[in-house]
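Visitor: I would like to go through a structure with you. Could we take the side chains step by step?
Guide: Certainly; here is the entry.

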Amino acid sequence: MPVASPPPKPDVPGPVRARVEGLGEWALLKLERLGFAARFFLAILRFSGLGIRRFGLVMREIHFAGVLSLVIIGVSGLFVGMVLGLQGYETLVRYGSAEALGTLVALSLVRELGPVVSALLFASRAGSAMTAEIGLMKATEQLAAMEMMAVEPLARVVAPRFWGGVISMPLLAAIFSACGILGGYLIGVVTIGLDAGAYWSQMQAAVDFRDDVLNGVIKSFVFGVAVTWIAVFEGYDAAPTAEGVSRATTRTVVTSALVILALDVLLTALMFRGT
Amino acid sequence: MNRNRMLDLWVGLFVIIGIGALAFLALRAANASNFSSEPTYTLEARFDNIGSLKVRAPVRSAGVMVGRVSAIGFDAETYEAVVSFNISARYPFPKDTSAKILTAGLLGEQYLGLTAGGDAVMFKAGDTVRLTQSAVVLENLIGQFLYNKAAEGKPADAKPADANPGEGKSAGEKADDAKVTDSKAAESKTTDSTAKGGKTRAAKGAEGSQ
């Protein structure tokens with residue numbers, strides 16, 4: 001009687017191997033999600049033709065993402081500009097160059113704070129709402145119902161939101177910067193009593209339209225694409241439960257903030273190196 | 001339908017405000033009338049020392065900004081700094097224009113100062129400004145001043161100033177001297193500017209490469 005080969009040993013991984021396997025699985029999962037996100041982005045672009053044709057849909061999203069964010073953007077811009085005015089004056093007056101306050105306020109707002117802070121505010125004000133809305137549509141199977149009616153949810157729901165956010169973001173950043181410059185003016189000229197002519201002329205001498213203002217607009221456009229992409233993707237990819245939607249919303253805000261700041265480093269290094 | 005009209009109104013208002021903010025940034029914060037969109041022509045100038053001149057530094061003539069420095073390079077053959085700058089096409093400059101590196105205020109930013117000459121021929125794009133004066137380096141001035149002071153302390157017969165008259169003078173006098181020779185040069189340049197300028201440049205180049 002031939003000796004039966006011993007039954008294969010059940011493959012029980014040791015604790016170290018389990019860790020490593022878990023890590024690999026996690027990495028693969030993340031990689032897969034990134035790939036899906038990239039595919040999703042391309043799909044949005046492919047289906048945005050319909051969104052552009054039915055511009056009313058995009059208008060509704062501009063209203064939601066842009067118009068309703070106006071107050072928070074304007075007021076925060078004003079406050080940030082005021083703080084810049086106060087702090088900048090404190091520092092500059094030590095070197096006897098308080099007249100350069102306009103330059104300091106305008107350059108920091110137009111180059112950095114305008115695009116970055118307004119994108120952060122936009123992510124928490126509009127991005128989280130987009131995720132929650134789309135996530136809830138998915139959880140209540142509205143997206144599936146649309147597909148049943150041969151309506152592509154990417155074209156009807158996602159693309160208009162995406163373009164609404166992308167169009168709104170640069171405008172919001174510009175409004176933020178403008179309000180900030182006015183805030184700096186209120187503090188520097190009206191409260192502290194610097195010369196108004198010096199405030200504006202120093203600013204105009206230092207701020208270049210193409211190198212500073214236009215680069216700021218490009219930055220905010222890139223942030224707009226990144227934030228709305230993350231927001232609609234997290235919503236679309238959310239687990240269709242109450243918990244899943246809440247997690248997706250949190251992830252939108254956290255990921256957007258990180259991505260905005262990381263992109264800002266890259267863009268700043270590209271745009272303002274050596275000047 | 002009515003509801004939709006309100007929405008359109010708000011979105012329109014938002015877009016207007018946004019574009020208004022952009023226009024404000026462009027016109028009020030950044031002087032849009034500077035030369036980013038205007039046609040320009042590029043000139044080149046070579047300096048022994050550019051101090052801390054930077055790319056995008058203003059180019060001024062008679063105190064008015066006429067352009068910006070576009071690039072700064074180094075010529076490994078003559079060991080000179082090569083400064084390229086764009087000048088608004090509205091302002092043609094004669095061929096015997098001289099370029100100096102000047103400082104705004106005592107310790108302010110450095111800029112390129114152009115002093116127009118009297119030549120009838122104007123610069124074309126890509127030309128080189130022949131007459132240049134390097135930046136004043138503070139350390140050299142201080143060194144000169146100290147040397148001066150030491151020389152003054154010595155008795156008159158032991159003064160080495162006779163051997164080298166330039167060294168004995170104060171920085172201010174020296175600068176005046178430079179100005180005089182400069183204007184003299186400019187005067188003689190009006191007749192045969194390019195030839196002479198070319199010669200001095202060539203001589204300098206030969207000096208550098210030796």
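Visitor: Which backbone nitrogen does the side chain of A:Asp208 reach at 3.2 Å?
Guide: This is a predicted model. In it, the A:Asp208 side chain reaches the backbone nitrogen of A:Arg210 at 3.2 Å. That side chain also reaches the backbone nitrogen of A:Asp211, at 3.0 Å.

Visitor: Where is A:Asp208 found?
Guide: A:Asp208 is in chain A, in the loop between α7 (196–206) and α8.

Visitor: Why does A:Asp208 count as buried?
Guide: Its relative accessibility is 5%, and the term buried applies under 20%.

Visitor: Turning to α8, what does A:Asp212 pair with?
Guide: The side chain of A:Asp212 meets that of A:Arg111 in a salt bridge, with N to O at 2.8 Å. A:Arg111 belongs to helix α4 (residues 101–139) of chain A and A:Asp212 to helix α8 (residues 209–236) of chain A, so this pair ties together parts 101 residues apart in sequence.

Visitor: Are those two partners buried or exposed?
Guide: A:Arg111 is buried, with a relative accessible area of 19%. A:Asp212 is likewise buried, at 0% relative accessibility.

Visitor: How many salt bridges are there over all chains?
Guide: The count comes to 13 over all chains. Among them is one between A:Glu21 and A:Arg17, whose closest N and O atoms are 3.2 Å apart.

Visitor: What separates A:Glu21 and A:Arg17 along the helix?
Guide: They are separated by about one helical turn, because they lie 4 residues apart in helix α1 (residues 15–53) of chain A. A:Glu21 is partly exposed, with a relative accessible area of 39%, and A:Arg17 is partly exposed at 40%.

Visitor: What about A:Arg247, which residue is its salt-bridge partner?
Guide: A:Arg247 forms a salt bridge with A:Glu243, the closest N and O atoms being 3.4 Å apart. Both belong to helix α9 (residues 242–272) of chain A, where their spacing of 4 residues is about one helical turn. A:Arg247 counts as exposed at 52% relative accessibility, and A:Glu243 as partly exposed at 48%.

Visitor: Which residues do salt bridges with shared partners join into one network?
Guide: That network consists of A:Arg33, A:Glu234, A:Asp237 and A:Arg251.

Visitor: Let us change topic. Which residues touch the most other members of the largest nonpolar core?
Guide: That core has 71 residues, and those touching the most other members are A:Phe40, A:Ile44, A:Val158, A:Ile181, A:Tyr199, A:Met203 and B:Phe14. Helix α6 (residues 153–192) of chain A supplies the largest share, 17 residues.

Visitor: And a second core, what does it include?
Guide: The second core is separate and has 22 residues, including B:Ile50, B:Ile101, B:Leu114 and B:Phe123.

Visitor: Back to B:Phe14, what does that residue touch?
Guide: Leaving out residues up to four places away in sequence, B:Phe14 touches A:Ile62, A:Gly66, A:Val67, A:Leu70, A:Ser168, A:Leu171, A:Leu172 and A:Ile175.

Visitor: Which residues make the nonpolar surface patch of about 480 Å²?
Guide: The patch is made by B:Met6, B:Leu9, B:Trp10, B:Leu13 and B:Ile17. Of these, B:Trp10 is found in helix α1 (residues 2–29) of chain B.

Visitor: Why does B:Trp10 count as partly exposed?
Guide: Its relative accessibility is 40%, and partly exposed covers the range between under 20% and over 50%.

How values were computed:
Residues are numbered from 1 along each chain as its sequence is written. Chains are lettered from A and ligands numbered from 1 in the order in which they are written. This is a predicted model: local features need pLDDT of at least 70, side-chain atom pairs count only at pLDDT 80 or more; totals for chains, interfaces and linings use all residues. Side-chain values use heavy atoms; hydrogens and water are left out. A nonpolar core is a set of buried Ala, Val, Leu, Ile, Met, Phe, Trp, Tyr and Cys residues joined through side-chain atoms within 4.5 Å. Buried means under 20% relative accessible area, exposed over 50%, partly exposed in between (1.4 Å probe, protein chains only). Helices (H or I, at least four residues) and strands (E, at least two) are DSSP runs, numbered from the N terminus. Contact means heavy atoms within 4.5 Å. Patches are made of residues with over 30% relative accessible area and no salt bridge: like charges are joined within 9 Å, nonpolar side chains (Val, Leu, Ile, Met, Phe, Trp, Tyr) within 5 Å. Accessible areas come from the Shrake-Rupley method with a 1.4 Å probe; for residues, only the protein chains shown count as cover. A salt bridge is a side-chain nitrogen of Lys or Arg within 4 Å of a carboxyl oxygen of Asp or Glu. A polar contact is a pair of N or O atoms within 3.5 Å; within protein, one must be able to donate a hydrogen and the other to accept it, and residues adjacent in sequence count only if both atoms are side-chain atoms.
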